[in-house]
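Please look over the notes below with the model open beside you. They are meant to be read in order, one point at a time.

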Amino acid sequence: MDSQYLLALLLLLPISICIAKNPPPPCDFPAIFNFGDSNSDTGGLSAAFGQAGPPHGETYFHHPAGRYCDGRLKIDFIAERLGLPHLSAFLDALGSNFTHGANFATAGSTVRPQNTTLHQGGFSPFSLNVQFYQFSDFHRRSQIIHGGGAAVFRRLMPSADHFSKALYTFDIGQNDLTAGYFLNMSTAQVRAYVPDVLDQFKTVVKYIYGQGGRYFWIHNTGPVGCLPYVMDRLAVTAAQVDKAGCAAPFNEVAQYFNGGLKQAVQQLRQDLPQAALTYVDVYSAMYDLISRPKQHGFVHPLQACCGHGGKYNYNMHIGCGGKIMVNGTEVLVGKACRDPSVRINWDGVHYTEAANKWVFDKIVDGSYSDPPVPLRMACHRF
């Protein structure tokens with residue numbers, strides 16, 4: 001066992017014993033406010049730029065539901081475990097109910113604003129600072145409506161105390177790393193701007209704290225070097241491929257980012273004394289799944305379930321749900337695999353509902369968290 005890992009376990013042991021012997025009452029989170037990218041987008045980008053079409057959503061919703069997935073995301077499972085409805089996207093004007101929170105995440109979002117359009121770079125204009133502006137506006141205007149708006153709208157807004165009692169969830173950073181690589185930056189150049197990304201992340205958390213947010217559940221970024229769209233688009237030598245078949249240099253950068261994120265959370269605990277911040281190691285859970293798929297009931301961990309051709313069943317020009325013209329007729333070629341429930345990657349970029357559920361089940365009890373706090377206890381400071 002790695003000595004640093006063992007030391008971390010020993011340091012966390014007193015907290016685990018304390019929770020086990022003297023468990024505090026479960027938290028009663030009345031709402032969730034989520035910030036992030038496609039890993040937690042429940043319809044933001046679809047509302048802004050057009051629906052993620054079929055076969056997205058086929059497993060659980062049985063129709064497109066704004067998610068780049070065959071079904072539910074980790075944020076959906078978080079909401080379900082807390083007894084709350086799935087989060088409506090802030091940008092979605094149709095059928096949204098914000099009584100129990102709102103989702104500001106959009107697919108393609110980054111922490112740092114990108115100097116490109118969605119069409120040029122593939123990254124969302126709704127970077128984390130913009131998501132905060134949206135949250136701040138939502139916070140203010142929802143209470144104006146709650147105080148004197150029409151009854152039909154008041155019923156769709158959170159009450160004032162929900163903002164101080166809510167769980168604030170974050171799942172963002174992956175696109176900040178790939179953005180540099182897709183601009184032909186070297187690994188050294190990508191690593192060089194990570195501290196700035198983390199500084200901007202801390203700033204947004206502090207802003208939310210300033211508006212009353214106290215409970216934060218923060219996911220680190222996953223093993224980007226195991227994603228088909230990364231391995232297909234970026235050059236990797238045979239020597240750089242690890243035992244799981246993933247691109248080691250990109251995973252090492254993800255781990256560098258995650259180490260910095262963990263330090264950022266530790267700093268935020270000092271800067272925000274009334275906050276309870278939980279750092280969740282999604283990377284380790286996901287890499288375990290990808291590197292040992294058979295042990296967990298999965299197959300073909302590095303191939304997209306929904307896609308078209310190539311080593312990884314991924315084609316950046318013909319994605320999941322993609323069609324081509326054959327003799328004047330549209331033909332669907334970006335088809336979903338027969339059984340997404342045994343697949344890890346959905347479309348080359350995102351994970352299947354089955355993989356999301358597997359990871360959620362691993363992280364929900366605090367086993368991958370610092371401090372090792374279960375989701376239902378994330379309002380407590382240890």
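1. Start on the surface. N184 counts as exposed because its relative accessibility is 73%, and the cut-off for exposed is over 50%. Keep in mind that this is a predicted model. N184 sits in the loop between α8 and α9. Its phi is positive, about 65°, although N184 is not a glycine. The residue comes just after α8.

2. Now step back into helix α8, residues 174–182. Is this helix mostly covered or mostly open? It is mostly covered: nine of its nine residues are buried. The list runs Q174, N175, D176, L177, T178, A179, G180, Y181 and F182. Polar names such as Q174, N175 and D176 are on that list. The cover over these residues includes α9, α10 (228–233) and α11 (248–271).

3. Compare a second residue with positive phi. H300 is not a glycine either, and its phi is about 45°. Find it in the loop between α12 (282–291) and β6 (323–326). H300 counts as partly exposed because its relative accessibility is 45%, which falls between the cut-offs of 20% and 50%.

4. Helix α12 deserves its own look. Eight of its ten residues are buried, so the rest of the structure largely encloses this helix. Those residues are V282, Y283, A285, M286, Y287, D288, L289 and I290. What covers them? The cover includes two other helices by the names α3 and α11, along with α13 (353–363). Strands β4 (215–219) and β5 (276–280) also take part.

5. Next, the nonpolar core. The largest one holds 94 residues. Which members touch the most other members? They are F33, Y168, F170 and F216. Helix α9 (residues 187–210) gives the largest share of this core, with ten residues. A second, separate core has five residues, among them C305, C306, C320 and W346.

6. Take F216 as an example from the largest core. Set aside its neighbours within four places in sequence. F216 is then in contact with L167, Y168, F170, V205, I208, Y209, A275, A276, L277 and T278. Two of these partners, Y168 and F170, are themselves among the core members that touch the most others.

7. R214 lies in the loop between α9 and β4. Again leave out the neighbours within four places in sequence. R214 is in contact with S164, Y168, Y209, Q274, A275 and A276. Y168, Y209, A275 and A276 also appear among the contacts of F216. For a sense of distance, compare R214 with G95. They are 119 residues apart in sequence and 29 Å apart in space, C-alpha to C-alpha.

8. N103 is a polar residue to check. It belongs to strand β2 (residues 101–103). Is N103 buried or exposed? N103 is buried, because its relative accessible area is 1% and the cut-off is under 20%. Beyond residues up to four places away in sequence, N103 touches N34, S40, D41, T42, L87, S88, A89 and F90.

9. Two cis peptide bonds should be noted. One joins P54 and P55, with omega about 10°. P55 is in the loop between α2 (44–49) and α3 (74–81). Another runs from D370 to P371, with omega near -5°. P371 lies in the segment after β8 (369–370).

10. Finish with the whole chain. It has 13 helices and eight strands. Why call the overall form compact? A compact globule of 382 residues would have a radius of gyration near 21 Å, and the chain has 20 Å, which agrees. The C-alpha trace spans about 60 × 60 × 40 Å along its principal axes. Buried residues make up 54% of the chain.

11. Contacts and surface complete the picture. Take contacts between residues at least 6 apart in sequence: 72% of them join residues at least 24 apart. The accessible surface comes to about 16,900 Å², and carbon and sulfur atoms hold 54% of it. There are 30 positive and 28 negative side chains. The centres of these two sets lie 3 Å apart.

How values were computed:
Residues numbered from 1 in each chain as written. Predicted model: local features only at pLDDT ≥ 70, side-chain atom pairs only at ≥ 80, totals over all residues. Heavy atoms only, no water. Helix = DSSP H or I, 4+ residues; strand = E, 2+ residues; numbered from the N terminus. Rg over C-alpha atoms; globule rule 2.2 N^0.38 Å. Buried < 20%, exposed > 50% of the residue type's maximum accessible area, 1.4 Å probe, protein only. Contact = heavy atoms within 4.5 Å. Areas by Shrake-Rupley, 256 points an atom, 1.4 Å probe, with all protein chains shown as cover. Lys, Arg positive; Asp, Glu negative; His and termini not counted. Charge placed at Lys NZ, Arg CZ, Asp CG, Glu CD. Core = buried A, V, L, I, M, F, W, Y, C linked by side-chain atoms within 4.5 Å.
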